[in-house]
Amino acid sequence: MAMTKTLSMISRTGRDLQRYNDGCRQVVGCIPYRYRKTNQSSTVEGTQIDDLEFLLISSQKSARWMFPKGGWETDEALEDAALRETFEESGVIGDVEVQEFLGTWSFKSKSQGTFHEGHMFPLLVTEELDDWPEKTVRKRLWLKFSEAREVCWHSWMKEALDVFASKLTKRNKEDEPQTCPFDEFSYEQTVAAAVSNSKTMFYEEPRISIEANDMTCEELRISLVAKPSLGKLMFNEEPRQKPFFNEISNVANSMFSEEATMSTKAQKMFNEELGNSHVTPMFGEGKRISIVAFS
């Protein structure tokens, strides 16, 4: 987020406008960073943490290294205070990444003996100035992630740097393209594959077509005796073949009709010759027709 108002070359001093929250002084800071290879000012997809450099500054009173920070005052927004303090202490300006807010840490100032709440943002550096308000009292140092984490004096700032790295890793995973585990086929290839695979859905044993040549009763009987499996195939109970099975069933029944017609003639003959004779047809496995007469 770029700051709209003009930055002053004189650092703010005093505590007249200082913000407090339940007695805790409110401070805000930034982790300034840039791209190592090209020093570009736009985000690159797939950026790794080792592709970046981080800016640390020295303390006014010692040789300790830290990220720029300072008091959040009542006449400015949090992100404006972050940009102002970064400019005054380190002499860089850029985009405060408000949407990537790193968090808030509570700590106790050893020099002042008071509690503070520190709010931290990442700042993508777009310009590094030769002159800045605190140039005479601070030094600047660009370091890689591992080096910056090692030399940074404040533990809560190290934690903020770790959060930055974690967010970058998460963002890279979200930006990874989602690949399909299956090969892409054209419409023609899909149809051809479906036809080929459909062959496995049916029995490999040949079926009798409804349009097959007509067979005489005697030919059908002989075929059933010679090939019992054919009879099983013909009378398969799959629903899609019902019309064909009905036709075969009718043909099979007619196979025995020639032999069975004699039962009617025989019954009539015995009725005429024996008078009160009783004819009973019986069918068993051993013989097709049996006639028993009672006088």
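**Figure 1. R64 sits partly exposed in this predicted model.** With a relative accessibility of 40%, R64 falls between the under-20% mark for buried and the over-50% mark for exposed, so R64 counts as partly exposed. You'll find R64 in the loop between β3 and β4 (65-66). Skip the neighbours within four places in sequence, and the contacts of R64 are I57, S58, S59 and W153. W153 is a long way off along the chain: R64 and W153 are 89 residues apart in sequence, yet their C-alpha atoms are 6.0 Å apart in space.

**Figure 2. Y33 and F54 make a tilted ring pair.** The structure has seven aromatic pairs in total. In the one shown here, the ring centres of Y33 and F54 are 6.5 Å apart and the planes meet at 40°, so the pair goes down as tilted. This pair links distant parts of the chain, with Y33 in strand β2 (residues 24-35) and F54 in strand β3 (residues 52-58), 21 residues apart. Both partners are tucked away: Y33 counts as buried at 3% relative accessibility, and F54 counts as buried at 0%. Zoom out a little and ring pairs link Y33, F54, F145 and F164 into a cluster.

**Figure 3. F101 and F121 form another tilted pair.** Here the ring centres are 4.9 Å apart and the planes are at 55°, so this pair is tilted. F101 comes from the loop between β6 (92-96) and β7 (103-108), while F121 belongs to strand β8 (residues 115-128), so the pair ties together parts that are 20 residues apart in sequence. What about burial? F101 is partly exposed, at 29% relative accessibility, whereas F121 is buried, with a relative accessible area of 2%.

**Figure 4. R34 lies over the face of W142.** This close-up shows a charge over a ring, with R34 at 3.9 Å from the ring centre of W142.

**Figure 5. The largest pocket holds about 1,100 Å³ of space.** A total of 35 residues line this pocket, and R25, K69, S109, S111 and Q112 are the closest to its centre. Several elements chip in: β2, β5 (69-71), α1 (78-90), β7 and α3 (155-175) each give two or more residues to the lining. Helix α1 has the largest share, with four residues. Sorted by class, the pocket lining comes out as 15 charged, 15 polar and five nonpolar residues.

**Figure 6. The largest cavity has a volume of about 50 Å³.** Rolling a probe the size of a water molecule over the atoms shows where empty space is left. The structure has two cavities of 30 Å³ or more. Lining the largest cavity are Y33, E97, E100, P122, F164, K167, L168 and R171. Y33 is the ring you met in the pair with F54, and F164 is part of the cluster of ring pairs. Helix α3 gives the largest share of the cavity lining, four residues. By class, the cavity lining has four nonpolar and four charged residues, with no polar ones.

**Figure 7. The whole protein, for orientation, has nine helices and 11 strands.** Of its 295 residues, 33% count as buried. Take the contacts between residues at least 6 apart in sequence, and 65% of them join residues at least 24 apart.

Definitions and conventions:
Residues are numbered from 1 along each chain as its sequence is written. This is a predicted model: local features need pLDDT of at least 70, side-chain atom pairs count only at pLDDT 80 or more; totals for chains, interfaces and linings use all residues. Side-chain values use heavy atoms; hydrogens and water are left out. Rings of Phe, Tyr and Trp (its six-membered ring) pair if their centres lie within 6.5 Å; planes under 30 degrees apart count as stacked, over 60 as edge-to-face and the rest as tilted. Buried means under 20% relative accessible area, exposed over 50%, partly exposed in between (1.4 Å probe, protein chains only). A charge sits over a ring if NZ of Lys or CZ of Arg is within 6 Å of the ring centre and within 35 degrees of the ring normal. On a 1 Å grid over the protein atoms alone, a cavity is a set of points where a 1.4 Å probe fits but cannot get out, and a pocket is an open set with protein on both sides within 12 Å along at least five of seven lines; lining residues have an atom within 4 Å of a point. Grid points are joined across faces, edges and corners, and a volume is the space filled by probe spheres set on the points. Ala, Val, Leu, Ile, Met, Phe, Trp, Tyr, Cys and Pro count as nonpolar, Asp, Glu, Lys and Arg as charged, and the others, Gly among them, as polar. Contact means heavy atoms within 4.5 Å.
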